[in-house]
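Q: Hey, got a minute to look at a model with me? I'd like to go through it piece by piece.
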Amino acid sequence: MIRRLSALFRSPAALVGGSLFVLVIGYCVVTPLVSPFDPDDADFTVGRQPPSAEHLLGTDQFGRDLFTRLAVGGRTTLLIAFAALSIILIIGLAYGTVAGLAGRRVDMLMMRVLDGLLAIPRLPVSIVILVV
């Protein structure tokens, strides 16, 4: 494991990607805390301003600071991704534990169920879920 981590830190692409990821997380966490603008307060006197020193990304039609709103939206997106990954981790650990401890027949049955689920095309299922 230590060899894999050291190889990861030697990879320029991994360092650039990891650094950008840390910067995005830092931006999403820190900006709403230190920004003088409330992301939901409307100020119609400064609506649709271009980027400036006061509003780094400008304002929308309601006069809300886009830099702060982008950070708040990123925070929400990161929380949803973290929650989804946590649920997937819990389900995967439980499924793998049952498959590993139950024995060969149960493991084979569980693998066939997963093979069947993986055979279902994703796009039509996604469309049906969105319609419902």
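Q: So how many helices and strands does the protein chain have?
A: This is a predicted model, and its protein chain has 5 helices and 0 strands. Going along the sequence, the pattern reads α-α-α-α-α.

Q: Is the chain spread out or compact, going by its radius of gyration?
A: Spread out. The radius of gyration is 23 Å, well over the 14 Å the globule rule gives for 132 residues, so the protein chain is more spread out than a compact globule.

Q: What does the C-alpha trace span along its principal axes?
A: About 70 × 45 × 25 Å.

Q: And what share of the residues is buried?
A: Buried residues account for 13% of the 132 in the protein chain.

Q: What about the surface, how much does the chain expose?
A: About 10,600 Å², with carbon and sulfur atoms supplying 74% of that.

Q: Contacts next. Of those between residues at least 6 apart in sequence, what fraction joins residues at least 24 apart?
A: That would be 36% in the protein chain.

Q: Switching to charges: how far apart are the mean positions of the positive and negative ones?
A: They sit 23 Å apart, with 11 positive and 9 negative charges going into the means.

Q: Before I go residue by residue, what's the mean pLDDT?
A: The mean for the protein chain is 94, and 100% of its residues reach 70 or more.

Q: Where is confidence lowest, and where is it highest?
A: Lowest in helix α1, residues 2-10, at a mean of 85. The highest is helix α3, residues 66-102, at 96.

Q: Let's stay in α3, then. Thr-68 is in there, but is it buried or exposed?
A: Thr-68 counts as buried because its relative accessibility is 0%, and the cut-off for buried is under 20%.

Q: Which residues is Thr-68 in contact with, leaving aside neighbours within four places in sequence?
A: Thr-31, Ser-35, Phe-37 and Pro-39.

Q: And Ala-81, where does that one lie?
A: Ala-81 is in helix α3 too. Ala-81 is partly exposed, with a relative accessible area of 36%.

Q: How far is Ala-81 from Phe-9 in space?
A: Their C-alpha atoms are separated by 25 Å, and the two residues are 72 apart along the chain.

Q: Back to α1 for a second. Is Arg-4 buried or exposed?
A: Arg-4, which lies in helix α1, counts as exposed at 70% relative accessibility. From Arg-4 to Gly-100, 96 residues along the chain, the C-alpha separation is 26 Å.

Q: What about Leu-114, which helix is that in?
A: Leu-114 belongs to helix α4, residues 104-119. Its relative accessible area is 31%, so Leu-114 is partly exposed.

Q: How far is Leu-114 from Gly-74?
A: 33 Å in space, C-alpha to C-alpha, and 40 residues in sequence.

Q: Last one, backbone stuff. What's phi of Arg-48?
A: Near 55°, which is a positive value in a residue other than glycine. For context, most residues other than glycine have a negative phi.

Q: Where is Arg-48, and is it buried or exposed?
A: Arg-48 is placed in the loop between α2 (12-34) and α3. With a relative accessible area of 64%, Arg-48 is exposed, the cut-off for exposed being over 50%.

Definitions and conventions:
Residues numbered from 1 in each chain as written. Predicted model: local features only at pLDDT ≥ 70, side-chain atom pairs only at ≥ 80, totals over all residues. Heavy atoms only, no water. Helix = DSSP H or I, 4+ residues; strand = E, 2+ residues; numbered from the N terminus. Rg over C-alpha atoms; globule rule 2.2 N^0.38 Å. Buried < 20%, exposed > 50% of the residue type's maximum accessible area, 1.4 Å probe, protein only. Contact = heavy atoms within 4.5 Å. Areas by Shrake-Rupley, 256 points an atom, 1.4 Å probe, with all protein chains shown as cover. Lys, Arg positive; Asp, Glu negative; His and termini not counted. Charge placed at Lys NZ, Arg CZ, Asp CG, Glu CD. pLDDT = per-residue confidence, 0-100.
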